[in-house]
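Trainee: I'm new to this one and would like a close look at a single part of it. Could you take me through it slowly?

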Amino acid sequence: MTVMTGLDLFEDLRAAQDEMLRAGWRRARWHGQQYDTDAGTETWAPPVEISERDDAYLVSAELPGVSADEVEITFGDGLLTIQGERHAARDASWERVHRSERCYGAFRRSITLPSHVQAGKIEAT
């Protein structure tokens, strides 16, 4: 007599995701993600790289899937703020998602710049 058991093809993925969730929320802040347990929603901030040249500071933000018209950049009181929203690339209402490591929704990232930065010379591309 052979005993057959059901095979869950995604069991290892769910186990890995569960482990990541258990261990990762405290580290997630470091990577620009937060989980609001009261609201049950995830918020995120894009990773940035800040460098300096002799004549300029360069701030680069990773914003894949976000078009230029979905990003607002402001500067005031020495604070450069990048904000916008990233939307899901597909309508997943009919799909069963087994794992999602991408963040969607509104984002906001503020960076304090040195006091000698001239607002009129700020450029964005």
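Trainee: Let's start with threonine 81: does it count as buried or exposed, and why? Then please show me what sits around it.

Mentor: Happy to. Keep in mind that this is a predicted model. Threonine 81 counts as buried, because its relative accessibility is 5% and the cut-off for buried is under 20%.

Let's set the scene before zooming in. The protein chain has one helix and seven strands, and from the N terminus the order is α-β-β-β-β-β-β-β. Of its 125 residues, 18% count as buried, and threonine 81 counts as buried too. If you look at contacts between residues at least 6 apart in sequence, 47% of them join residues at least 24 apart.

Now for the strand itself. Threonine 81 is in β6, which spans 79–86. This strand pairs with β5 in the antiparallel sense, over six bridges. One residue pair to find on screen is threonine 74 and threonine 81, which are bridge partners. Threonine 74 also turns up among the residues that threonine 81 touches, as do Glu72 and Ile73. That leaves Arg108, Arg109 and Ser110 on the list, which leaves out anything up to four places away in sequence. With Ser110 there is a side-chain link as well: a polar contact of 3.1 Å joins the side chains of threonine 81 and serine 110.

Move along β6 and you come to glutamine 83, which is in that strand too. Its side chain makes a polar contact of 2.7 Å with the side chain of arginine 108. Leaving aside neighbours within four places in sequence, glutamine 83 is in contact with Glu70, Val71, Glu72, Phe107 and Arg108. Compare the two lists: Glu72 and Arg108 are touched by threonine 81, and Glu72 and Arg108 are also in contact with glutamine 83. As background, side chains in a regular strand alternate between the two faces of the sheet.

Next, follow the chain back to the turn. β5 and β6 form a hairpin with two residues between them. Aspartate 77 is in that loop, and its phi is near 55°, a positive value in a residue other than glycine. That is worth a second look, because most residues other than glycine have a negative phi. Aspartate 77 counts as exposed because its relative accessibility is 86%, and the cut-off for exposed is over 50%. Threonine 81, on the other hand, is buried at 5%.

There is also a pocket to look at here. The largest pocket has a volume of about 1000 Å³ and is lined by 26 residues. β4, β5 and β6 each supply at least two residues of that lining, so both strands of our hairpin take part. The largest share, five residues, comes from β4. Nearest the centre of the pocket are Tyr57, Val59, Ile122, Glu123 and Ala124. By class, the lining has 16 nonpolar, four polar and six charged residues.

One last stop is tryptophan 44, in strand β2 (residues 41–44). Tryptophan 44 counts as buried, because its relative accessibility is 8%. From C-alpha to C-alpha, tryptophan 44 and glutamate 85 are 9.9 Å apart in space, with their positions 41 residues apart in sequence terms.

Note on methods: Residues numbered from 1 in each chain as written. Predicted model: local features only at pLDDT ≥ 70, side-chain atom pairs only at ≥ 80, totals over all residues. Heavy atoms only, no water. 1 Å grid on protein atoms, 1.4 Å probe; cavity = no way out; pocket = protein on both sides within 12 Å on 5 of 7 lines; lining within 4 Å. Points joined across faces, edges and corners; volume = space filled by probe spheres on them. Helix = DSSP H or I, 4+ residues; strand = E, 2+ residues; numbered from the N terminus. Nonpolar A, V, L, I, M, F, W, Y, C, P; charged D, E, K, R; others polar. Buried < 20%, exposed > 50% of the residue type's maximum accessible area, 1.4 Å probe, protein only. Polar contact = N/O pair within 3.5 Å; in protein donor to acceptor, adjacent residues only side chain to side chain. Contact = heavy atoms within 4.5 Å. Pairing = 2+ DSSP bridges.
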